[in-house]
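Colleague: I'm new to reading protein models, and I'd like some help with this one. Could you take me through it feature by feature?

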Amino acid sequence: MSAIGQESSTLHFPALEPPHRYLFGPGPSMVHPRVYEALAKPIVGHLDPYFIQVMADVQQLLKTTFGTNEGATLVISGTGSAGMEAAVANFVEPASTLAVFANGYFSDRLTEMARRNGSNVVRFEKPWGDTFTDYEVREFISREKPNVVAYVHAETSTGALQPGQAICAAAHDAGALVIADCVTSLGGVPVEFDQTGIDIAYSCTQKGLSCPPGLSPMALSPGAMDWLRPRSTPSRSWYLDLKLIHDYSTVSHRYHHTAPISMFYALREALLVIAEEGIENRWERHRRCHKSFVKGIEAMGLRMHVPEEHRIATLNTVRVPEGVDEAKVRKRLLDGPGIEIAGGFGPLAGKVFRIGVMGPLATEDNVQFFLKEFKKALSA
């Protein structure tokens with residue numbers, strides 16, 4: 001037997017058979033069967049006219065999902081953190097001032113990226129789970145006079161939803177651009193990009209869009225594009241240079257990088273599923289399921305971490321009852337019915353369960369199924 005044959009005979013890897021899970025965590029969410037089917041389609045080249053049309057379809061469908069008519073939409077080949085870094089690298093110049101509304105893990109990540117980019121970062125800090133009032137927003141921005149303002153619309157680490165209208169209005173009055181982290185909101189709760197006044201928004205595919213992870217959709221306002229086009233100093237990140245990516249995906253289609261073809265197929269199908277349901281109907285479905293979820297949680301005598309008016313409809317943070325080991329509850333759910341949820345981290349480690357009800361799982365039957373199993377796991 002040849003050396004190659006001998007080597008091959010020692011490899012005994014089983015076929016892929018992932019366990020069946022109910023993904024009730026903060027992401028990834030369950031994937032629609034049509035999206036799995038799209039992933040199996042034959043690929044073409046990343047400069048093929050067919051793929052160029054797929055990119056155009058995705059950009060058009062994203063306009064409705066983000067809530068923009070005038071803004072430009074594009075997709076970063078990378079996860080939501082790549083979208084975050086693209087926003088920072090392209091719009092936060094070295095020695096400029098970035099004002100961050102800091103109330104959770106992902107505002108801290110924004111801060112770290114900006115500091116590595118050489119920016120002067122000023123932070124308005126609140127406990128994890130709190131939000132900022134209109135008065136606080138205006139006072140902070142008028143005092144600091146930043147070049148760019150950043151906030152997290154839906155904070156995955158806390159379950160808190162931060163309204164953006166006052167932030168955008170105050171920032172624009174100060175001549176600043178606004179970056180909004182919409183990773184956990186896009187596709188599940190209203191982003192309303194134009195109405196809110198956001199300049200740069202980024203998201204991901206694996207939460208509210210119910211698609212596998214791997215891409216980061218973005219939206220850019222006309223003001224952001226007007227700022228970006230004449231920028232003379234290049235972005236410190238070549239791969240995430242939005243001028244180059246926009247040119248490749250929208251204008252000349254000149255080669256920039258080898259885009260993940262299958263993931264674009266998947267995103268296109270996921271956005272079509274949303275379009276067919278209707279974005280407003282999708283928001284309403286998630287709102288109904290959220291209310292049903294909270295009603296069931298409170299019936300068990302449990303408390304939510306975030307006040308009602310600032311909760312994210314797709315991501316619930318439930319306070320861990322006194323004397324309960326949240327890791328054991330999560331393990332029992334995973335080992336038994338195959339339900340995945342997440343715990344807290346940072347200041348909320350051991351204090352909250354993070355439970356997503358989004359995409360295909362956002363139905364009344366699925367909510368009741370989860371509540372029944374969750375109650376059993378807590379009792380055990």
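Modeller: Sure, and keep in mind that this is a predicted model. Let's start with one side chain: Arg138 has a relative accessible area of 40%, so it counts as partly exposed.

Colleague: Which residue does Arg138 form a salt bridge with?

Modeller: The partner is Asp173, and the closest N and O atoms of the two are 3.3 Å apart. Arg138 sits in helix H6 and Asp173 in helix H7, so this pair ties together parts that lie 35 residues apart in sequence. Asp173 has 62% relative accessibility, so we call it exposed.

Colleague: How do I describe two helices that pack together?

Modeller: Two packed helices are described by the angle between their axes and by the distance between those axes. Take H6 and H7 (residues 165-173): their axes come within 9 Å and cross at roughly 25°. That makes H6 roughly parallel to H7, because angles under 35 degrees count that way. Their crossing is right-handed.

Colleague: At what angle do H13 and H14 pack?

Modeller: Helix H13 (residues 326-335) and helix H14 (residues 364-379) pack at about 130°, and their axes are 9 Å apart. H13 is therefore oblique to H14. The crossing of H13 and H14 is right-handed.

Colleague: And H12 with H14: how are those two helices arranged relative to each other?

Modeller: The axes of helix H12 (residues 279-299) and H14 cross at roughly 25° and come within 10 Å. H12 and H14 are therefore roughly parallel to each other. Again we have a right-handed crossing, this time of H12 and H14.

Colleague: Back to salt bridges. How many are counted?

Modeller: The count comes to 19 salt bridges. Here's one inside a helix: Arg116 pairs with Glu112, with the closest N and O atoms 2.7 Å apart. The two are 4 residues apart in helix H5 (residues 105-116), so about one helical turn separates them. Arg116 is exposed at 67% relative accessibility, while Glu112 is partly exposed at 38%.

Colleague: Which residue pairs with Lys376?

Modeller: Lys376 forms a salt bridge with Glu373, and their closest N and O atoms are 3.4 Å apart. Both lie in helix H14, 3 residues apart, which is about one turn of the helix. Lys376 counts as partly exposed at 46% relative accessibility.

Colleague: Is Glu373 buried or exposed?

Modeller: Glu373 counts as buried, because its relative accessibility is 14% and the cut-off for buried is under 20%. There's also a case where salt bridges share partners: Arg34, Glu269 and Glu276 are joined into one network.

Colleague: What about backbone angles? What should catch my eye?

Modeller: Most residues other than glycine have a negative phi, and most peptide bonds are trans. With that in mind, look at Lys145: its phi is positive, about 50°, although it is not a glycine. You'll find Lys145 in the loop between helix H6 (134-144) and strand E5 (148-152). It is exposed, with a relative accessible area of 61%.

Colleague: And Ser210: is that one buried or exposed?

Modeller: Ser210 is buried, with a relative accessible area of 4%. Phi of Ser210 is near 55°, again a positive value in a residue other than glycine. Ser210 belongs to the loop between strand E9 (200-202) and strand E10 (215-220).

Colleague: Where is the cis peptide bond?

Modeller: It runs from Gly27 to Pro28, with omega near 5°. Pro28 lies in the loop between strand E1 (22-23) and helix H2 (33-39).

Colleague: Now the surface. Which residues make the nonpolar patch?

Modeller: Trp238, Tyr239 and Leu244 make a nonpolar surface patch of about 310 Å². Leu244 is in helix H10 (residues 242-251), and at 34% relative accessibility it counts as partly exposed.

Colleague: Last one. How far apart in space are Arg332 and His256?

Modeller: They are 47 Å apart, C-alpha to C-alpha, and 76 residues apart in sequence. Arg332 is found in helix H13, and its relative accessibility of 45% makes it partly exposed.

How values were computed:
Residues numbered from 1 in each chain as written. Predicted model: local features only at pLDDT ≥ 70, side-chain atom pairs only at ≥ 80, totals over all residues. Heavy atoms only, no water. Patch = residues over 30% accessible without salt bridge, like charges linked within 9 Å, V, L, I, M, F, W, Y side chains within 5 Å. Areas by Shrake-Rupley, 256 points an atom, 1.4 Å probe, with all protein chains shown as cover. Salt bridge = Lys/Arg side-chain N within 4 Å of Asp/Glu carboxyl O. Buried < 20%, exposed > 50% of the residue type's maximum accessible area, 1.4 Å probe, protein only. Axes fitted to C-alpha atoms, helices over the stretch in contact; angles between N-to-C directions. Parallel < 35°, antiparallel > 145°, perpendicular 65-115°, else oblique. Left-handed = near helix turned anticlockwise from the far one by under 90°.
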